[in-house]
Every structure is written in C-alpha cells, then in structure tokens.
Amino acid sequence: MELGTIRTFSKDDLLADYFEAWIELYKKGSVRRVTLEKYLNNLKQIQRIAPNVKLKDVNRKVYQQILNIYAEDHEKQTVIDFHHQIKGMLLDAVDDDLIPKDPTRKAIFKGKAPRAKKRKYLNQFELHNLLEDLDLGNEVNVDWLILLIAKTGIRYAEALGVTPKDFDFRTSTLSINKTWDYKTKTGFQPTKNKSSVRTIPIDFRLAMQFQNLVHDLPTDKPIFVGEGKVCNSTPNKVLERHCKRIGIEPITVHGLRHTHASLLMGSGVSIASISKRLGHSSINTTQKVYVHLISELENQDNEQIMRYLSALN
C-alpha cells in the first residue's frame, strides 16, 4: 500500500468508517487472528448501533448511549471488553483532532444478568477418577489429549500443536513453542504471547506413557491432528461422556487447565510458578483468572493462622 492511498478523515466522517480504517491501519497484521475477529465483530456492532453517528457528534453522552444499547444484549463483562477495544480507537481519534475530548471518561458499564456459569474445574478426587476412566491404548485418541492437558495445564491449541520432538524424555519436560490453528485451518501458529513459549516439567509416568505412544510417529507432525476436521467440540463431548460415566458434573477441556491450576494452588505451589507453567503474560493475569480460588485459599490460611496463634501460650 502506498502512502498516498491512506484515507484521511474529517470530523464530518462517520464513526463506523473511521473505526474500520483504524482496524485496517493499526490492528490488521499486528494482532492475532482471534483478536482481529473481535475487533471486526465490534465494528459490526458500531455499524448496527451508531450507523449515522459522525465523529464530531461523539461525546460522553453519545458514547454512553452506545454502551447502553450494546448492554441490552450482553453481560456486563462483555460490555467492558467491548469498551476496551472501542476506547483505543476513540483516543486515537482525539489525538487526530477529530474528537475534542475523551468521550470514554467515567463511562458506566451496564449489562444483562450473567448466565449461570458452568463448572470450571474438578477436585483432586474427581480428577483421579476421570483419569482412571480414560481409554489409553497404543493408538493416539482424544483420551490421550485429555490426559496431556490435565497433567500439564496447557491450552487446547497448544496441545494440538505438540509434536513428538517437543518432548525431552531424558529430562521429562515438554516444550511449548507453537499452537495449531484449528479454527481457520492454517496449521502451526505462534503461541498466544511470548510468555506462552515455555518448557514444562512433566511427571515421570506421563513421560514414559508418551514415550511409548509417539516413538513411531513423525517427529515434526502434530500428535493429535489427523486427516479429518479438528475442532474443540469433539474432545468436549468425549470429556462429557467420561464425566457422566463417573458421576460428576461435566466440565470442558479448558476446564482441565483450570483444574490443573487449582490443584497446584491447593497444594501450595506459588502463584509465580503456576503463572509461568500456564504461560500467562504476567502474575496479574493468573491472579485475575483465579481470584475466587485465591480468596478461598486465603480463608483457609487465615483459619490455619488462627489455630496456630490460639495454640500459643
């Protein structure tokens, strides 16, 4: 694209048109595909909610009206996520002298009542029973995928990207350095962020199991990606059947990642170590995702502290 083809905007141009050009200029090619899709979906929302709103008309009241209309069909957290993406565009419009003041200042977030959340993780006893119910034969199947995620806490796309050479059976470690794009079928892709590139220690039993499983497989081919269609609904259905068979409330494959983290927290592993193992970009991310579990553990710690102090003479 030549410099002269970049569109310039005036205050009389539509907000939706500016947002579309902003995505093309600043976000396309610089963010992951899934993030770009979120921006494009939010563009459609702006085109639906404010199709005739011009840049010169955008002020705090207009922006609040946009948020309020969006909130009619979305939960509060989704509204907040929507706001964060739209805000970046609006602040750039302010810098471009197209909007006089920051219209997002002191925005109020409304939203529908959150739906009942599905269970996110299993306790240690339930996980033990789940793993005992897996059918781990000599051939690769979904149950092997479930085992790997449960024992490592890696993301589903990361698990799909694992190849035999990613295992170091001598040191009992697994290298996570790529993902597999199961949504748009573009093959290997980079990890979610730089922190997601990591080496995870695995237990000796898991290392031995996978050494036997992959010893005849191509070293650079993904273990869990065959010739057919790859999606996350299949392992979720398999996992649901296992959960029902052992008499527990079903969770998702992503719930195995939460289970892994929660059990490590419950056993006293530091947040810093868990964050590194999960491939989070920062400890703050780990604390945000597991804030409720951290609070539960903190209450247990307080009870233990009180018992200790009460026993002192």
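Which residues gather in a patch of positive charge on the surface? In this predicted model, the patch brings together Arg32, Lys38, Lys183 and Lys192. Arg32 sits in a loop, between helix H1 (15–27) and helix H2 (33–49). Its relative accessible area is 35%. Arg32 therefore counts as partly exposed.

Opposite charges were examined next. Side chains of opposite charge can pair when their charged atoms come close. The structure contains 9 salt bridges. One of them joins Asp203 to Lys151. Their closest N and O atoms are 3.1 Å apart. Asp203 belongs to the loop between strand E5 (198–201) and helix H8 (204–214), whereas Lys151 belongs to helix H6 (residues 142–152). The pair therefore ties together parts that are 52 residues apart in sequence. Both ends of this bridge are partly exposed. The relative accessible area is 30% for Asp203 and 23% for Lys151.

A further salt bridge links Asp166 and Lys178, with 2.6 Å from N to O. Asp166 is found in the loop between helix H7 (156–160) and strand E1 (167–168). Lys178 is found in the loop between strand E2 (173–176) and strand E3 (179–181). This bridge thus connects parts that are 12 residues apart in sequence. Asp166 and Lys178 are both buried.

Arg155 and Glu158 also form a salt bridge. Here the closest N and O atoms lie 2.7 Å apart. Arg155 has a relative accessibility of 14% and counts as buried. Glu158 is buried as well, at 1% relative accessibility. The two residues do not stand alone: Arg155, Glu158 and Arg198 are linked in a network of salt bridges.

Cysteines were considered last. A disulfide is a covalent bond between the sulfur atoms of two cysteines. How many disulfides does the count come to? With a cut-off of 2.5 Å between sulfur atoms, the count is 0 disulfides. Cys231 shows why: its sulfur is 18 Å from the closest cysteine sulfur, which belongs to Cys243. That is too far for a bond. The view from Cys243 agrees, as its nearest cysteine sulfur is that of Cys231, 18 Å away. Cys243 is in no disulfide. Is Cys243 buried or exposed? Cys243 is buried, because its relative accessible area is 0%.

Notes. Residues numbered from 1 in each chain as written. Predicted model: local features only at pLDDT ≥ 70, side-chain atom pairs only at ≥ 80, totals over all residues. Heavy atoms only, no water. Patch = residues over 30% accessible without salt bridge, like charges linked within 9 Å, V, L, I, M, F, W, Y side chains within 5 Å. Areas by Shrake-Rupley, 256 points an atom, 1.4 Å probe, with all protein chains shown as cover. Salt bridge = Lys/Arg side-chain N within 4 Å of Asp/Glu carboxyl O. Lys, Arg positive; Asp, Glu negative; His and termini not counted. Charge placed at Lys NZ, Arg CZ, Asp CG, Glu CD. Helix = DSSP H or I, 4+ residues; strand = E, 2+ residues; numbered from the N terminus. Buried < 20%, exposed > 50% of the residue type's maximum accessible area, 1.4 Å probe, protein only.
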